[in-house]
Amino acid sequence: MVHEERSDMKPDIHPDYHMIKVVMTDGTEYETRSTWGSEGDVMRLDIDPKTHPAWTGQRRIIDSGGRVAQFNKRFAGLSVKS
């Protein structure tokens, strides 16, 4: 049985997929096909499913510019009466 080379996709409109290496926050790495970068590039992640609260279910308070401290100072005197 002979297979014909047949493409139902439109030519010249699809992105170029190539192999890249992805390095997770804990140092583990894997190779995948991607449109990002060029063949052989390395993508180093700052946030990944192993560390991001959306996947881990753990919450962290990130205090950018002392905003949490400002909030606590401003509303320290308030209390809820039951």
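Two strands count as paired here if DSSP finds at least two bridges between them. Keep that in mind for what follows, because this is a predicted model and much of its story runs through strand pairing.

**Overall layout**

The protein chain holds two helices and three strands, and along the sequence they come in the pattern β-β-β-α-α. Burial is scarce on paper: of the 82 residues, 9% count as buried. The chain exposes about 8000 Å², and carbon and sulfur atoms supply 51% of that area. As for contacts between residues at least 6 apart in sequence, 8% of them join residues at least 24 apart.

**The sheet**

The three strands make an open sheet in the order S2-S1-S3, with mixed pairing. S2 and S3 are the edge strands, each pairing on one side only. From one strand to the next, the twist averages 35 degrees.

Which way do the neighbours run? S1 (residues 18–23) and S2 (residues 29–34) pair in the antiparallel sense, over six bridges. S1 and S3 (residues 42–44), on the other hand, pair in the parallel sense, over three bridges.

S1 and S2 also form a hairpin, with five residues between them. In that turn sits Gly27, whose phi is positive at about 95 degrees.

Here is who faces whom across the strands:

| Residue | Stands opposite | Strand of the partner |
|---|---|---|
| Val23 | Glu29 | S2 |
| Lys21 | Glu31 | S2 |
| Lys21 | Val42 | S3 |

So Lys21 turns up twice in the table, with Glu31 in S2 as one partner and Val42 in S3 as the other.

**Val23, a buried spot in S1**

Val23 belongs to strand S1. Is it buried or exposed? Val23 has a relative accessibility of 8%, and the cut-off for buried is under 20%, so Val23 counts as buried. Leaving out residues up to four places away in sequence, Val23 touches Thr28, Glu29, Val42, Met43, Arg44 and Leu45. Glu29 in that list is also the residue opposite Val23 in S2. For a look further along the chain, take Asp48: Val23 and Asp48 are 25 residues apart in sequence, while their C-alpha atoms are 9.7 Å apart in space.

**Lys21 and Glu29**

How many salt bridges does the structure hold? Just one. Lys21 forms a salt bridge with Glu29, and the closest N and O atoms are 3.4 Å apart. Side chains of opposite charge can pair when their charged atoms come close. The cut-off for a salt bridge is 4 Å, so the 3.4 Å between Lys21 and Glu29 qualifies.

Neither end is buried: Lys21 is partly exposed, with a relative accessible area of 28%, and Glu29 is partly exposed too, at 48% relative accessibility. Note that the residue opposite Lys21 in S2 is Glu31, whereas Glu29 stands opposite Val23.

**An aromatic pair**

The count of aromatic pairs comes to one. The rings of Phe71 and Phe75 have their centres 4.9 Å apart, with planes at 50 degrees, so the pair is tilted. To be stacked the planes would have to be under 30 degrees apart, and to be edge-to-face over 60, which is why 50 degrees lands in the tilted class. Phe75 itself is partly exposed, with a relative accessible area of 33%.

**One odd backbone angle**

Asp12 lies in the segment before S1. What is its phi? The phi of Asp12 is near 65 degrees, a positive value in a residue other than glycine. Asp12 counts as exposed, because its relative accessibility of 81% is over the 50% cut-off.

Definitions and conventions
Residues numbered from 1 in each chain as written. Predicted model: local features only at pLDDT ≥ 70, side-chain atom pairs only at ≥ 80, totals over all residues. Heavy atoms only, no water. Helix = DSSP H or I, 4+ residues; strand = E, 2+ residues; numbered from the N terminus. Salt bridge = Lys/Arg side-chain N within 4 Å of Asp/Glu carboxyl O. Buried < 20%, exposed > 50% of the residue type's maximum accessible area, 1.4 Å probe, protein only. Contact = heavy atoms within 4.5 Å. Areas by Shrake-Rupley, 256 points an atom, 1.4 Å probe, with all protein chains shown as cover. Phe/Tyr/Trp six-rings, centres within 6.5 Å; stacked < 30°, edge-to-face > 60°. Axes fitted to C-alpha atoms, helices over the stretch in contact; angles between N-to-C directions.
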